[in-house]
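Q: I'd like to learn how to read a fold like this one, feature by feature. Can you walk me through it?

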Amino acid sequence: MLEARNLSAGYPGREVLEGVTLAARPGRVLILLGPNGCGKSTLLRTLAGLLPPQGGEVLLDGRPLGDYEPRRAAQKIAYLPQSRTVPNITARRLALHGRFPYLSYPRRYRREDYAAVDRALAAADARDLADRALPELSGGQRQKVYLAMALAQETETILMDEPTAYLDIRHQLEVLALARRLAGEGRAVALALHDLCLALTAADDIAVLGAGRLLALGGPEEIYQSKILERVMGVRLDRTEGPEGPRYFCGLREEG
């Protein structure tokens, strides 16, 4: 389990978040919601060990994350960032980067590494892209390849920052279905999203961030009933009941 306890996070000279306590738990999907600039990416980067806490602590299986040797931490936590470079290599070669935590130097890929990458490319619906160079791919295709790289890491916890960016609606739904499958395998999954309706449908737990703090933490029904998303995001949120469960709809709030 990956936990933040009374966590303050940010950058040199600028605190972004203060006093955040939450956990990414095995078998559950945690979705971070909030307006632009509220600290979702900062929180994920700190949970991944890429930013040091400015206060409080991050715990991995009950131990401070900083106590782990970086290679060992990378065998337990995979992180898909929001912004990425586009190297001139094939999709398969990029996905193989997810195997780095398991290799000594000089890196020599093993049969099990290639097998893990094949599984990851298939899971991310990117198998047909394996031999294509990244600069030739669309934004959505690149997104699937980077997701495959994170999956190839085969970690107990996976953190994803806006994994549905650049994807059409079908592939957005597939990514969230994948998150549910990963949780079903017993992994802890945490992701930041902008789409409130998809989040309410896919999450086990929702964390609402705003004004530098954790404003609410609970299940989708609790968060929906609290109206916190309407207040924080400045929208109207409604739902209807369907044969497969509730479906949510967003609209602009009427002024006055």
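Q: Let's begin with strand pairing. How many bridges join β3 to strand β9, and in what sense do they run?
A: This is a predicted model, and in it β3 is joined to β9 (residues 205–210) by 4 bridges, with the two strands running parallel. To pin down the register, look at Leu30, which stands opposite Asp205 in β9.

Q: And how does β3 pair with strand β8?
A: Parallel again: β3 and β8 (residues 188–192) share 4 bridges. Here the residue to look at is Leu32, whose bridge partner in β8 is Ala192. Ala192 turns up in another pairing too, since Asp161 stands opposite it. That belongs to strand β7 (residues 157–161), which pairs with β8 in the parallel sense over 5 bridges.

Q: In what order do the strands of that sheet come?
A: Read the sheet from one edge to the other, following partners rather than sequence. The 6 strands go β6-β7-β8-β3-β9-β10, forming an open sheet with mixed pairing. The edges are β6 (77–80) and β10 (213–218); each has a single partner strand, so one side of each lacks a neighbour in the sheet. If you ignore direction, neighbouring strands are turned by 15° against each other on average.

Q: Is β3 buried or exposed?
A: Count residues under the 20% cut-off for relative accessible area. In β3 (residues 29–33), 5 of the 5 residues are buried, so the strand is largely enclosed by the rest of the structure. Check the two faces separately: Val29, Ile31 and Leu33 are buried on one side, and Leu30 and Leu32 on the other.

Q: Which helices lie across this sheet's strands?
A: Take α5 and α1. α5 lies across β6 and β7, running at about 170° to β6. α1 lies across β3, β6, β7, β8 and β9, at about 150° to β7.

Q: What about the other sheet: which strands form it, and in what order?
A: Use the approach from before. Its 4 strands are ordered β2-β1-β4-β5, in an open sheet with antiparallel pairing. The edge strands, β2 (14–24) and β5 (63–64), each pair on one side only. Strand β4 (residues 55–60) meets β5 over 2 bridges, antiparallel, and Leu60 stands opposite Arg63 there. α1 packs on this sheet as well: it touches β1 (2–11), β2 and β4, and its direction makes about 120° with that of β1.

Q: So α1 contacts strands of both sheets. How many of its residues are buried?
A: Helix α1 (residues 40–47) is mostly covered, with 6 of its 8 residues buried. Those are Lys40, Thr42, Leu43, Leu44, Thr46 and Leu47. Zoom in on Thr42: its relative accessible area is 6%, so it counts as buried. Skipping residues up to four places away in sequence, Thr42 touches Ala9, Gly10, Tyr11, Val16 and Leu51. Just after the helix, Gly49 takes a positive phi of about 85°.

Q: How do I read a helix pair, say α5 and helix α6: what are the angle and the axis separation?
A: Start with geometry, then look at the side chains. α5 and α6 (residues 169–184) pack at about 5° with their axes 13 Å apart, and are therefore roughly parallel to each other. On the α5 side, Lys144, Leu147 and Leu151 meet His171, Val175, Leu178 and Leu182 of α6. By class, that contact has 5 nonpolar, 1 polar and 1 charged residues.

Q: What does Ala179 in α6 touch?
A: Beyond residues up to four places away, Ala179 touches Val29, Met160, Val189 and Leu191. With 2% relative accessibility, Ala179 counts as buried.

Q: Last one: which residues touch the most other members of the largest nonpolar core?
A: The general idea is that nonpolar side chains in soluble globular proteins tend to be buried together. Here the largest core has 55 residues, and Ile31, Val189, Leu191 and Leu229 touch the most other members. Helix α5 (residues 139–152) gives the largest share, 8 residues. Apart from that core lies another, of 27 residues, including Leu2, Leu30, Leu47 and Leu60.

Conventions:
Residues numbered from 1 in each chain as written. Predicted model: local features only at pLDDT ≥ 70, side-chain atom pairs only at ≥ 80, totals over all residues. Heavy atoms only, no water. Core = buried A, V, L, I, M, F, W, Y, C linked by side-chain atoms within 4.5 Å. Buried < 20%, exposed > 50% of the residue type's maximum accessible area, 1.4 Å probe, protein only. Axes fitted to C-alpha atoms, helices over the stretch in contact; angles between N-to-C directions. Parallel < 35°, antiparallel > 145°, perpendicular 65-115°, else oblique. Contact = heavy atoms within 4.5 Å. Nonpolar A, V, L, I, M, F, W, Y, C, P; charged D, E, K, R; others polar. Pairing = 2+ DSSP bridges.
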